[in-house]
Amino acid sequence: MTVMEIKSFSSSFVKGVVLAVATVALVGGSAFSAAGNVENGAKVYMKKCWWCHGEEGEADGPAAEFMMPPPRDFSAGVYKYKTSPPDAEIPRDEDLFVMISNGMPGTSMPSWKEVLSEQERWDLVAYIKTFTDMFEDMDNPPALSLAGKIPSTPDSITKGAKAYEAGKCFECHGERGKGNTQKKLKEGSGAKLWPRNLTKQWTFRAGTTPENLFARVTNGIPNTPMPAFAAETTANGKLSVEDRWHVVNYVMSLADPTNQVSQGQIVIKGVQRPAIPADEKDAVWDGVEATTFRLAPQIIQKERFFTPANDLISVKAVFTDKDIAFLLQWDDRTQSIPGEEKSGTLAWGPLGHDAVAIQTPVTPSGSSEKPYFGHGDGKNPVSMLYWKSQSATDPAGSMLMTATGNHKREMGDAESIGFTTSSSYEFGTWKVMMKRSLVSPNTEKDTQFVVGKYIPVAFANWDGSNGEAGSKHTMTTWYWLLLKPAPSNDVVVIPAMIFALLFFGQYAFSRFAGDKKNKA
Amino acid sequence: MKILRPLIPLTVILILYFALKEGVPYLGSQLHEGTWPVIPTSVMKMYVFFIAVGVLLIFTFTDDGFKANIGPFAEIYLNPDRKIIRFVSAVLVGCFGAWVSYQYVKPTFDAPVELRSIHPAPPSNAKMWGKTYSIGTLKNPLREDKENFAANVKAGGEVYYKNCFYCHGDRMLGKGPFWDGFTPVPANFVDIGTIAQLSESFVFWRIGTGGPGLPSEATPWLSAMPVWHEFLSEEEVWKVILFLYDYTGHSPRVIEPHH
C-alpha cells in the first residue's frame, strides 16, 4: 500500500467506526455510558450522594451509620446487583444506571430519575466507577444470557420447589419463603443482615420480573451469603440453567399480594360473631377481613431506633355483646426466646422478647382531639394491651397499662377486663390473639369499646432478635377501629318509600294535568 | 326521534358536571405535583345546580326550543296512547330517586374526616432550650455570616442526614425510607407550599418544638416530628435551616417590619 492508500484506508476505517458507534448509540442507547462526564458526575455526587456514600465513596457519609442495609461502598468495587455473566468480575454500566434511576425498594436509596436527567445519571455512573481501579482497562461486560427461559406452569413451580430444597434456599429464606433464617447472616463488612422475605416482593431491591430474579439466582448477591447458583464452588451447590428458571417460577409463586400495606384502608372493621374465637388458629378468623399497616421504627423520642426488621402488621377484630378479640399477625424472621441457645445465635444485640401492643385512647373522641400517638399525653391518657413472647424459663405474658406520655406508664387490672392472650409462631409468622371485655370498670384509665363508634388505635411491635427492647421498636401512627353495627332497616325502607312516592306521584301528576288540559 | 330531544341538554349538563368533578383536579395535578385539594361537595352541588339551570334556560329560551324540549314530556305524561313509555319513565324516575336516597342512608365505613391546618399561625413566643424566643422578630443569626456560609450549609447538611432524612428524604421530597409509616406525611421541602412560603423564624419554631409544639388546629397528636430542641443545639437548627434553603434553591419569606 502506498502512503496515500493507507491514509485513505484509515480514513474510511475511522468513518466506519464512527458509523458503527453511532448505530449502537441509536439502537442500544447504552453507548451514553461511554459519554458519562466524570467531572459533572463529581458535581452531582457532591450535592446528592456523598451524604451516605462518603466523599471518597467509602460508604462513610454522615448518614451511613443509621442505615440497614449500609450504603454501597464504591471504593470496594463490589456491587450486589449485577446482570453481567457469572464469570465477569464487574457489573454492567447499565446495572449502575438502573440502580441510580430506580433506587432500591426497602432501602434508603431513592429513585433519582424524577430529580436527575438521564445524562446526569450517566455522569454519576462514570464518576462512581473512578472510586476503584476495578473498572480500569475493562470493557463493559455483555448482558447475562437469559436463554432457556421457562414459562411459569404448575409443573415448573413443583420442580422449582424441589430445586429450592436442593439448593438449600430454605436455610435462609425459610420453608415458605418468609425469610425465617436458621443462620445468622452478615454483610461482607460484618454489618447486620436479614434475608429477604420472598412473599413480600415489594421489598425486592432490583426488580421483580422473572429475568431480574434469574440474574439474582445465577450471580448471587456479592458481599452477602446469597450464593451464585451458576458456580460450582459454593456450599449450596450448583443449579442448572433449567433449575434456576424453575426456582424463579417457584419464588414468583410465593408472592403474597396481601402481604403489603392495605392501600387507602385506615379503618379496621370489627365484625360481630356469636362467640369469640377460641384461639389465634380458630377458623372463624379466616372469614374476617384483615387490615395491614406499615410499621416504622420509633425515631421520634429518646432512645431513637433506626434499623427495624419487621415492616408490617395485619389486624383483624371480632366482637360479641360482651367481648372483643384482636388477631395480630406479622412476619418475623426469628422466634426470640431469651435464654434459649439457638435464639441467642441468631440475635443481633442483647436477645429480648418478641412483643406486640395495641394502644387506644382512654377517652375516644371521634375526629376531635386525640392523645399524642406516642404513649399519650398528660391531658389524654392511652390504654395499652401488651403481649410478650415466652423466654426459656417463663411462658408468654401480657399486661394492661395506662400511659400519659413517654416513660409514664402504670399497670392496670387485667383481670377486671378478662384480658387473655394466645399465640403461636409458625413458618416465620407470629399470630397473637388478644381478648378483653368491651366495657371496663375503670373508666378513668381504660378504654370503653362502643359499637358503631370510631376508636383511634395504634400498634407497636418488638423483634427481640433485632436489638429491639424498650423504646427501640417499630410502631404505627393512629388508625381507626370500628365495631360494625348490625345494618339498620332504613337502608331498605327509605329507598322503597322514595320509589313508591315518585312512581305513583308521576301517575297522579299525569292524571291531574291531563284532567286540567281536557277541561281547558 | 323527537322524543329524545331533551337528552341533548341533559348530556351537556353531565359533561359539564364531569369536567368539574374529574377535570379540575386532573388539571391541577398536571400543573402542580402533589396532592391537589378536592372541591367540597356542597360547592360542587351549587355549581351543578346553576349549570343545570343555565343549560335548560338556553335550550328553552325560544318558543320553538321550549316546545321541542318540553313537548316530549307533555307527550309522555298527557297522551293517553303513551302507556308503556309512561310506565317505563315512572319506573326509571322512581329508581333514580331510590338510588339517590340509598346513597344517603347506606352505612359507610369511611374514616372520620380530620381537618388539619398545615401551617398554623405560630405563637408570638416559644420556649426552647430554657429560653423564650419571640417568633415575630427572630432572625437566622448565621444568614449574614457570609464568610462561613458554605461551611455552615455543609454542617447543616450533616445535621439533616443524621437526623431528618429518614422521613424527609434524600431528595427533600418528604419521601425518606420511613415516610409512609406516619400521618401526616413528612413535609416536601422542594414543594412551593412549604419552606418557600415560610420565614426562617417559623421554620425554627416548627423544628424546635416539633409535633407536640403545634396548636390544636394542626393536630399535634398526629405529627411524628420530634421535639428537636431536646436533641439538637440552637446553632444546629439554624444551620440545618440554611442547608434546606440552599439545597432546594428556595428563599425564605421575609417579614417586613411594621411602620
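This short talk walks through a predicted model with two chains, A and B, going from the domains to the cores and then to single residues.

Let me begin with how the chains are divided. The domain assignment splits chain A into domain 1 (22-131), domain 2 (154-253), domain 3 (267-483) and domain 4 (492-520). For domain 1 of chain A and domain 2 of chain A, the C-alpha centres lie 24 Å apart, and the contact takes 14 residues from domain 1 of chain A and 21 residues from domain 2 of chain A. On the domain 1 side of that contact we find nine nonpolar, three polar and two charged residues. Chain B, for its part, is assigned domain 1 (2-105) and domain 2 (125-248), and the centres of these domains of chain B, taken over C-alpha atoms, are separated by 50 Å.

Now please look at two helices of chain A, namely α2 (residues 38-48) and α5 (residues 118-128), whose axes are 7 Å apart and which pack at an angle of about 100°. Because of that angle, α2(A) is roughly perpendicular to α5(A). The residues that meet include A:Val38, A:Ala42 and A:Tyr45 from α2(A), and A:Asp123, A:Leu124 and A:Tyr127 from α5(A). Sorted by class, this contact has seven nonpolar, two polar and two charged residues.

How do the two chains touch? In the model, 51 residues of chain A are in contact with 43 residues of chain B. On the chain A side, the elements giving two or more residues are β3 (267-272), β5 (296-297), β16 (479-483) and α11 (490-519), and α11(A) gives the most, with 16 residues. By class, this side of chain A divides into 33 nonpolar, ten polar and eight charged residues.

A:Trp480 is a useful residue to pause on, since it lies in strand β16 of chain A. Is A:Trp480 buried or exposed? There are 21 other C-beta atoms within 10 Å of A:Trp480, and the cut-off for calling a residue buried is 20 or more, so A:Trp480 is buried. Leaving out residues up to four places away in sequence, A:Trp480 touches A:Ile266, A:Val267, A:Ile268, A:Tyr454, A:Ile455, A:Pro456, A:Val457 and, from the other chain, B:Ala111.

That brings us to the cores. As a general point, nonpolar side chains tend to be buried together in soluble globular proteins. In this model the largest nonpolar core has 109 residues, and those with the most contacts inside it are A:Phe326, A:Ala357, A:Phe459 and B:Ile241. The largest share of this core, eight residues, comes from helix α8 (residues 234-248) of chain B. Apart from this core lies another, of 16 residues, among them A:Leu198, A:Leu239, A:Trp245 and A:Leu254. Going back to A:Ala357, and leaving aside its neighbours within four places in sequence, we see that A:Ala357 is in contact with A:Met384, A:Leu385, A:Tyr386, A:Phe459 and A:Ala460.

Finally, I would like to turn to helix α7 (residues 200-209) of chain B. Ten of the ten residues of α7(B) are buried, so this helix is largely enclosed by the rest of the structure. Among the buried residues are B:Glu200, B:Trp205 and B:Arg206, and what covers the buried residues of α7(B) includes β1 (125-128) and α8 of chain B. Just after α7(B), B:Gly210 takes a positive phi of about 60°.

Notes: Residues numbered from 1 in each chain as written. Chains lettered and ligands numbered in written order. Predicted model: local features only at pLDDT ≥ 70, side-chain atom pairs only at ≥ 80, totals over all residues. Core = buried A, V, L, I, M, F, W, Y, C linked by C-beta atoms within 7 Å. Buried ≥ 20, exposed ≤ 12 C-beta atoms within 10 Å, placed from the backbone. Helix = DSSP H or I, 4+ residues; strand = E, 2+ residues; numbered from the N terminus. Contact = placed C-beta atoms within 7 Å. Nonpolar A, V, L, I, M, F, W, Y, C, P; charged D, E, K, R; others polar. Domains from an automatic or database assignment. Axes fitted to C-alpha atoms, helices over the stretch in contact; angles between N-to-C directions. Parallel < 35°, antiparallel > 145°, perpendicular 65-115°, else oblique.
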